[in-house]
Amino acid sequence: MSVKKKVGLFFGSFNPIHIGHMIIAQAVVDSGRVDELWFVVSPQNPFKKNNSLLHEFDRLDLVNAAIQDQPQMKASDIEFNLPKPSYTATTLAVLAEKHPQNEFKLIIGEDNLTHFHKWKNYEEILEHHRLIVYPRPNVQKPKINFEDHAEMIEAPMLHISATFIRDSIKNDNSIKYLVPTEVEFLIKSRKFYQ
Ligand SMILES: Nc1ncnc2c1ncn2[C@@H]1O[C@H](COP(=O)(O)OP(=O)(O)OP(=O)(O)O)[C@@H](O)[C@H]1O
Ligand SMILES: O=C(O)c1ccc[n+]([C@@H]2O[C@H](COP(=O)([O-])O)[C@@H](O)[C@H]2O)c1
């Protein structure tokens, strides 16, 4: 039997992708727990309402710009053609069927473990996929025991969010050190979030 390719899936709105995401992604790749990491751009997060949500194709372009020199990282638009809001269990099932040669692991922040029991079909996710968990500050103890399902990785904790970046642009503040250079260039040239 051939060895499956290990693919870590990092789901998010990426509105826009920022260095907080990139540092986590690089730490996951460096941990050796995955052969590839895919950023899955979610058109609509089931828990979020956001008036300044950029079109999904623009957010995908920003992710592609961020990873252009990273052969182990890819951007996925799989959720663009799936029912909305995007439920991770549905996407994982579609991906597993489409790529039987891959073993998909779910990359999530420690804070997301606290609310994981509210995710749609979370038992199904845990049955079929391992979680790669990165540290987040001020985390509440989760209701579920994840011991047999999760691998914790070490990564720096950075207090930066897409909300902060969108606000910075609106306030005419620089985002130079908050997003990769190529992302900053695209945001400026296409006049996003103004
Ligand atoms: N600085 C960060 N460090 C670690 N994880 C992060 C960081 N920022 C976001 N994440 C996580 O990455 C995933 C995707 O992030 P998302 O696209 O929602 O970005 P966000 O910065 O949290 O966005 P927003 O500010 O618009 O809510 C989420 O699980 C989120 O918790
Ligand atoms: O499937 C669910 O029920 C579900 C509930 C909340 C979040 N998610 C996924 O988790 C990703 C990160 O969520 P968040 O809220 O931390 O930005 C988001 O892009 C969704 O794909 C999924």
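Reader: Asparagine 121 caught my eye; how many other C-beta atoms lie within 10 Å of it?
Author: Good place to start! This is a predicted model, in which local features need pLDDT of at least 70, side-chain atom pairs count only at pLDDT 80 or more, and totals for chains, interfaces and linings use all residues; residues are numbered from 1 along each chain as its sequence is written. Chains are lettered from A and ligands numbered from 1, in the order in which they are written. With C-beta atoms placed from the backbone, a residue is buried if 20 or more others lie within 10 Å of its own, exposed if 12 or fewer, and partly exposed in between, so asparagine 121 counts as partly exposed with 14.

Reader: And what is the phi of asparagine 121 near?
Author: Asparagine 121 sits in the loop between α4 (110–114) and α5 (122–128), where helices (H or I, at least four residues) and strands (E, at least two) are DSSP runs numbered from the N terminus. Its phi is positive although asparagine 121 is a residue other than glycine, with a value near 50 degrees.

Reader: Is phenylalanine 14 buried or exposed?
Author: Phenylalanine 14 also has a positive phi, of about 50 degrees, without being a glycine, and it is found in the loop between β1 and α1. Because 23 other C-beta atoms lie within 10 Å, phenylalanine 14 is buried.

Reader: Which residue does a cis peptide bond join to asparagine 15?
Author: The bond has an omega of about 0 degrees. The partner lies in the loop between β1 (5–12) and α1 (19–30). It is proline 16.

Reader: Which residue follows lysine 84 through a cis peptide bond?
Author: Here omega is near 0 degrees. The residue lies in the loop between β3 (73–76) and α3 (88–98). It is proline 85.

Reader: Which element gives the most to the shell around ligand 1?
Author: The shell holds 14 residues, a residue being near if its C-beta atom, placed from the backbone, lies within 6 Å; Gly12, Gly20, Ser161, Ala162 and Thr163 come nearest. Two elements give two or more residues, α1 and α6 (162–170). The one that gives the most, with three residues, is α1.

Reader: Which residues touch the most other members of the largest nonpolar core?
Author: A nonpolar core is a set of buried Ala, Val, Leu, Ile, Met, Phe, Trp, Tyr and Cys residues joined through C-beta atoms within 7 Å. The largest has 43 residues, and β1 and α1 are among the elements that each supply at least two. The residues you asked for are Leu9, Phe10, Phe39 and Val63.
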